[in-house]
Amino acid sequence: MAGKALRLLCVGKLKTVFWKEAANHYLERIGRMRPISVTEIRDADAALAPRARADEESARLCAALESGDYPIALDEGGKTFTSGGFAEMLAAIDQKALGRPCFIIGGPYGLGALGGGIRKAARITVSLSGLTWPHELARVLLLEQIYRAECIRRKIPYHHH
């Protein structure tokens, strides 16, 4: 049951060694089940005010979307899922041929002004939790949940209820 390709569209590179290692660990595992790519866009100028920085990064994320992408934004105000529900959402995108799932992770100040840019482009907005996470950790958490979803779909004994 090879799934469609997945894409992560992220602001900035992972800078901390242990986040890079953790992300690579899950990318390798996911890659055995379905193709996955990561596109990192350049951070906005750190001298900008936080809102202006997030808005500029949102515009860059929009510009990096490709025609076949099915944009899924990560935001603390998005829909929460159980791991099983997240797996079902991914399966539905695959089954309905909606496009390549493209998960979007903003920078340290989020995705920009409410309702603008990348938020408008997103078909779904997902919350990893009601808590706020550093964007580097959010990438690792997302990758782990994608891996878990693929294991659930394939009945691989990784997920425990």
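## A quick tour of the pockets, helices and rings

Right after helix H5 comes Lys155, and its phi is positive, near 60°. Keep in mind that this is a predicted model. H5 is a good place to start, since 17 of its 20 residues are buried. From there, we can look at the open spaces, a second helix, the aromatic rings and a couple of single residues.

**Helix H5**

- H5 runs over residues 135-154, and it is mostly covered.
- How far apart are the end C-alpha atoms of H5? They are 29 Å apart, which agrees with the 28 Å that 20 residues should span at 1.5 Å a residue.
- H5 also turns up in the walls of the open and closed spaces: it is one of the elements giving two or more residues to the lining of the largest pocket, and it gives the most to the lining of the second largest pocket.

**The largest pocket**

- A general point first: rolling a probe the size of a water molecule over the atoms shows where empty space is left.
- The largest pocket here has a volume of about 460 Å³.
- Its lining takes in 25 residues, and the ones nearest the pocket's centre are Leu74, Asp75, Glu76, Gly110 and Trp133.
- Which elements give two or more residues to that lining? They are helix H2 (50-64), strand E3 (69-80), strand E5 (124-127) and helix H5 (135-154).
- Sorted by character, the lining of the largest pocket has 13 nonpolar residues, eight polar and four charged.

**The second largest pocket**

- This one holds about 170 Å³ of space.
- Around it you'll find Thr80, Phe81, Thr82, Phe86, Val126, Ser127, Leu128, Ser129, Trp133, Leu141, Glu144 and Gln145.
- Trp133 is worth a second look: it is among the residues nearest the centre of the largest pocket, and it also lines the second largest one.
- E5 and H5 each supply at least two of the lining residues of the second largest pocket, with H5 giving the most at three.
- The mix in this lining is six nonpolar, five polar and one charged.

**The cavity**

- How many cavities of 30 Å³ or more does the structure hold? There is one, and the largest cavity has a volume of about 30 Å³.
- The residues lining the largest cavity are Val11, Gly12, Lys13, Leu14, Ile105, His135, Glu136 and Arg139.
- H5 again has the largest share of the lining of this cavity, with three residues.
- Three of the cavity's lining residues are nonpolar, two are polar and three are charged.

**Helix H2**

- H2 has 15 residues and reaches 21 Å from its first C-alpha to its last, close to the 21 Å expected at 1.5 Å a residue.
- Its buried residues are Arg53, Ala54, Glu57, Ser58, Arg60, Leu61 and Ala64.
- These buried residues cover an arc of only 165° around the axis, so they sit on the same side of H2.
- Turn to the face pointing away from that buried side and you meet the exposed residues Arg51 and Ala63.

**Aromatic rings**

- Searching the whole structure turns up five aromatic pairs.
- Phe81 and Phe86 make an edge-to-face pair, with 6.3 Å centre to centre and 75° between the planes.
- Is Phe81 buried or partly exposed? Phe81 has a relative accessible area of 26%, so it counts as partly exposed, whereas Phe86 is buried, with 5%.
- Both Phe81 and Phe86 also belong to the lining of the second largest pocket.
- Elsewhere in the list, Tyr26, Tyr147 and Tyr158 form one aromatic cluster.

**Two residues to find in the structure**

- Val126 lies in strand E5 and also lines the second largest pocket.
- Val126 has 2% relative accessibility, so it counts as buried because the cut-off for buried is under 20%.
- The C-alpha atoms of Val126 and Tyr109 are separated by 17 Å, and the two residues are 17 apart along the chain.
- Gly84 is in helix H3, which covers residues 83-95.
- At 26% relative accessibility, Gly84 counts as partly exposed.
- Gly84 and Ile152 are 68 residues apart along the chain, yet 7.1 Å separates their C-alpha atoms.

Key: Residues are numbered from 1 along each chain as its sequence is written. This is a predicted model: local features need pLDDT of at least 70, side-chain atom pairs count only at pLDDT 80 or more; totals for chains, interfaces and linings use all residues. Side-chain values use heavy atoms; hydrogens and water are left out. Rings of Phe, Tyr and Trp (its six-membered ring) pair if their centres lie within 6.5 Å; planes under 30 degrees apart count as stacked, over 60 as edge-to-face and the rest as tilted. Buried means under 20% relative accessible area, exposed over 50%, partly exposed in between (1.4 Å probe, protein chains only). On a 1 Å grid over the protein atoms alone, a cavity is a set of points where a 1.4 Å probe fits but cannot get out, and a pocket is an open set with protein on both sides within 12 Å along at least five of seven lines; lining residues have an atom within 4 Å of a point. Grid points are joined across faces, edges and corners, and a volume is the space filled by probe spheres set on the points. Helices (H or I, at least four residues) and strands (E, at least two) are DSSP runs, numbered from the N terminus. Ala, Val, Leu, Ile, Met, Phe, Trp, Tyr, Cys and Pro count as nonpolar, Asp, Glu, Lys and Arg as charged, and the others, Gly among them, as polar. The expected span of a helix is 1.5 Å times one less than its number of residues. The arc is that of the directions from the helix axis to the C-beta atoms.
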